[in-house]
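Work through the following exercises with the sequence and the model in view. Try each task before reading its solution.

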Amino acid sequence: MKTLVIAEKPDMGRNIAAVIEPRAKNNRTYLEGEQYIITWAIGHLVGLAEPDAYDPKYKRWNLRDLPIIPEQFKIIPNPKTKDQLKVIGEVAKRCSHIVNACDAGREGQYIFALIQQQLKLKQPVKRLWISDLTAESIARGFAELKDGADFENLTHAARARSEADWLIGMNASRAFTTRHQTLLSVGRVQTPVLALIYDRQKEIEAFESQTFYDVKAAFKQEQLEYMGTWQGDRLTSQEQAEIIASKVNGKDGVIAKYEVKETKEYPFKLYDLTLLQREANAKYGYSAKKTLDLAQALYERHKVISYPRTNSNYVNEQNIEGMHKALHMLKSTSYAAMAEGADPSRVHVNNKAVCNPQRVEDHHAILPTLKRPGTLSKEEQHIYDLVILRFLSHFYPPAMYKQHTVLTEVEGETFKTGIKELLSLGWKVLITQDKEQKKAKSSKKGKEDEEEESQEWNDRSFDLSPDKPVHCKNSEVKEKATQPPKSYTEGTLLKAMESAGKSIEDEALRDAMKDSGLGTPATRAATIERLKKVGYITMQGKKITVTQKGRTAVELIRHAGVELLASPEMTGQWERRLHQISKGEASADVFMQNVQKFTISIINKVSSQRQAPSSLFGGEEDKPKGKGKRSTEKATPPGSNKEGQTGKRSTQAGATASVETTTPVTARSSLGRCPRPGCEGHIIEGRKGYGCANFKSGCQFVIWKEFAGKNISHAMLKSLLTQGKTQLLSFKQDDGSTYKGRIILLPEGNGKLAVQTEESSAALKS
């Protein structure tokens with residue numbers, strides 16, 4: 001009898017067949033040769049059944065019926081792909097052995113396990129475990145097939161993940177939805193991620209900017225000129241700052257301290273998926289999902305990179321030879337000039353920045369394969385370029401700098417100067433002196449105060465004589481303001497998810513936290529997309545903001561007393577436990593018992609919670625049609641194919657949905673362009689406010705007609721949209737006195753206004 005090979009997707013199956021059965025007959029849904037029959041799943045062919053499969057009463061969402069905790073989980077075929085499942089079952093009858101050739105990871109293992117369970121396949125199983133889809137890797141993988149039993153622990157972890165997500169997602173979503181009569185999607189991973197975004201946004205909104213002053217001075221010593229920043233306690237008085245600036249202006253000074261040390265900047269780590277997504281978001285604005293899709297296409301269709309869904313930044317010893325071969329391959333591509341300048345001797349088994357087997361688990365870092373790239377789309381090329389440049393950088397020496405630290409003293413006042421003098425570009429010859437270099441620099445910095453930054457001298461040497469006097473050519477006072485925390489972008493959110501929300505700058509400690517992050521590299525993009533789809537977050541350019549519905553969801557969960565459900569750190573520990581299960585270091589049964597206990601506690605606490613008014617959710621779209629009834633649109637079983645997700649229905653939440661209008665959008669004239677970054681919509685007038693015509697597409701920009709006792713006229717609106725502020729106006733205080741100020745448009749991008757007084761730049765938020 002023949003051996004059945006089950007791949008995860010059709011492309012993968014055909015790639016495998018081309019190597020092991022090149023003359024196989026194509027039967028559309030499978031390929032058959034002399035020794036092998038190769039067929040495929042189409043993602044998840046089988047998933048966990050919905051609650052009504054256990055009892056018809058669960059078709060109605062009723063708080064009294066919770067919790068739903070199956071004694072044994074039922075699985076059902078996906079109705080959209082049941083024909084392919086049937087094909088697998090039929091061809092399996094003609095085979096004595098099976099090869100699991102699904103993706104070499106937790107989800108791939110689970111896809112196969114569910115097919116095996118549903119079809120009751122009893123044949124012995126071997127596992128194909130490869131990191132790229134080149135012919136060489138496939139051939140080597142089949143020559144070194146592993147025993148399927150070796151991956152039982154990974155299957156246990158995958159099953160526990162899916163069933164835990166089902167328990168929490170199904171029960172918590174039903175509990176909160178029926179209690180508050182609004183469709184609320186809750187999940188093991190998505191809810192802590194939403195809480196991260198919510199907490200950051202609350203920090204930003206609560207932030208009160210403070211004005212302070214820097215004193216800058218320009219110094220000259222013979223032909224050398226440099227800048228310095230006054231050192232001392234933060235200056236909050238402009239008058240005091242002006243006194244210091246006047247005191248030193250035009251005076252001579254001395255070098256109080258001068259230190260010079262040589263520093264090296266080594267190449268950044270090889271890419272794992274999360275790091276690649278972060279870089280692509282920062283440089284090209286790609287969403288995490290888009291980067292994953294592009295990387296997957298480069299892996300599956302073009303076969304020019306290794307398996308992208310990895311969480312490792314290192315390689316094994318056996319990868320070193322392949323890296324050298326890939327370098328040689330690149331010499332005959334458009335990367336020839338870069339590859340020719342590379343030094344192969346720099347990449348070897350003792351280079352721990354590259355080769356560190358202890359840090360490699362299921363898959364090594366993302367690498368180029370030996371296949372030359374053919375025709376790639378512009379976006380695929382962007383991702384491939386990132387991978388190639390990061391790969392090649394490790395064949396180059398470190399960048400060399402001289403770090404100069406100077407303390408200049410004038411009239412008893414001290415000024416500090418940091419100069420970063422370039423000696424040798426090293427690996428940085430591979431990147432241009434523009435946005436990417438600045439991005440790389442800022443990612444290493446982590447300091448906000450400008451005076452701490454080093455001035456880069458890339459085109460000349462810094463020749464200072466510490467024994468010679470200097471002259472202060474001029475000095476000036478610069479007004480500054482403390483800045484709020486930055487809104488999350490998809491890139492920075494991925495970084496936070498990787499460390500379960502902990503702000504960790506130390507790279508070694510960040511690596512240690514990878515096992516306890518939120519979700520996995522393969523599922524984080526889907527979690528972010530899920531939050532968008534259910535209406536909890538929106539994008540304002542690159543910035544992620546929480547909708548009114550998202551805010552209320554987090555607050556209800558926390559006020560119910562189930563903080564664990566919204567705790568990034570605790571949920572990260574669950575992910576760590578799943579990782580331990582996959583390694584045979586923890587029990588899946590114990591994990592599931594704890595999840596069941598937590599599920600019961602959620603139901604008990606939500607049951608006693610007071611119902612929230614519908615106005616807190618920012619719209620009526622998600623209100624269930626009848627009390628205790630399930631929404632007319634089904635919720636996806638949280639464990640069926642994505643991690644920590646439940647619910648399917650999206651919502652249009654936010655202030656713009658409340659702009660009341662009396663005429664169709666098409667009939668109203670434009671009052672100006674929407675200033676929200678990335679939005680090309682026009683501002684139109686409603687009964688109570690001026691909102692963006694793209695509100696149906698998710699833009700939440702709206703300026704209400706009444707603010708701070710003023711009616712916003714068309715003229716004032718135009719000034720706000722074009723200049724960000726109105727003309728000077730008079731405002732009344734509570735005691736009847738008046739003051740002068742302007743209405744300003746805050747930079748959040750949602751139309752929020754503030755009053756800025758004439759005397760101070762401090763804004764009083766609305």
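A contact means that heavy atoms lie within 4.5 Å. Helices (H or I, at least four residues) and strands (E, at least two) are DSSP runs, numbered from the N terminus. The model is a predicted one, in which local features need pLDDT of at least 70 and side-chain atom pairs count only at pLDDT 80 or more, while totals for chains, interfaces and linings use all residues. Residues are numbered from 1 along each chain as its sequence is written, and side-chain values use heavy atoms, with hydrogens and water left out.

**Exercise 1. Find which residues of α6 and α16 meet, and state how the two helices are oriented.**

Solution. Begin with the contact, in which Gln190, Val193, Leu194 and Ile197 of α6 meet Thr527, Arg530 and Leu531 of α16. Sorted by class, this contact of α6 with α16 has four nonpolar, two polar and one charged residues, where Ala, Val, Leu, Ile, Met, Phe, Trp, Tyr, Cys and Pro count as nonpolar, Asp, Glu, Lys and Arg as charged, and the others, Gly among them, as polar. Next take the axes, which are lines fitted to C-alpha atoms, for helices over the stretch in contact, with angles running from 0 to 180 degrees between N-to-C directions. The axes of α6 (residues 190-206) and α16 (residues 524-533) come within 10 Å and cross at roughly 70 degrees. Angles under 35 degrees count as roughly parallel, over 145 as roughly antiparallel, 65 to 115 as roughly perpendicular and the rest as oblique. Therefore α6 and α16 are roughly perpendicular to each other.

**Exercise 2. Describe how α5 packs with α18.**

Solution. Helix α5 (residues 152-180) and helix α18 (residues 568-582) pack at an angle of about 150 degrees, and their axes are 7 Å apart. That angle makes α5 roughly antiparallel to α18. On the α5 side, the contact is made by Asn153, Leu154, His156, Ala157, Ala160, Arg161 and Ile168, and on the α18 side by Trp574, Leu578, Ile581 and Ser582. These residues divide into seven nonpolar, three polar and one charged.

**Exercise 3. Place Arg576, and decide whether Arg576 is buried, partly exposed or exposed.**

Solution. Arg576 is found in helix α18. Buried means under 20% relative accessible area, exposed over 50%, and partly exposed in between (1.4 Å probe, protein chains only). Arg576 counts as partly exposed because its relative accessibility is 31%. Although Arg576 and Ser516 are 60 residues apart in sequence, their C-alpha atoms are 4.3 Å apart in space.

**Exercise 4. Compare the backbone and the surroundings of Arg28 and Lys303.**

Solution. Arg28 is not a glycine, yet has a positive phi of about 70 degrees. Arg28 lies in the loop between β2 (25-26) and β3 (30-32), and its relative accessible area of 65% makes Arg28 exposed. Lys303, also not a glycine, has a positive phi of about 60 degrees. Lys303 belongs to the loop between α9 (288-300) and α10 (319-330), and at 17% relative accessibility Lys303 counts as buried.

**Exercise 5. Locate Pro67 and describe the peptide bond that leads to Pro67 from Leu66.**

Solution. Pro67 is found in the loop between β5 (46-48) and β6 (75-77). The peptide bond from Leu66 to Pro67 is cis, with omega near 5 degrees.

**Exercise 6. State how many helices and strands the protein chain has, and what share of its residues is buried.**

Solution. The protein chain has 20 helices and 27 strands. Of its 766 residues, 53% count as buried.
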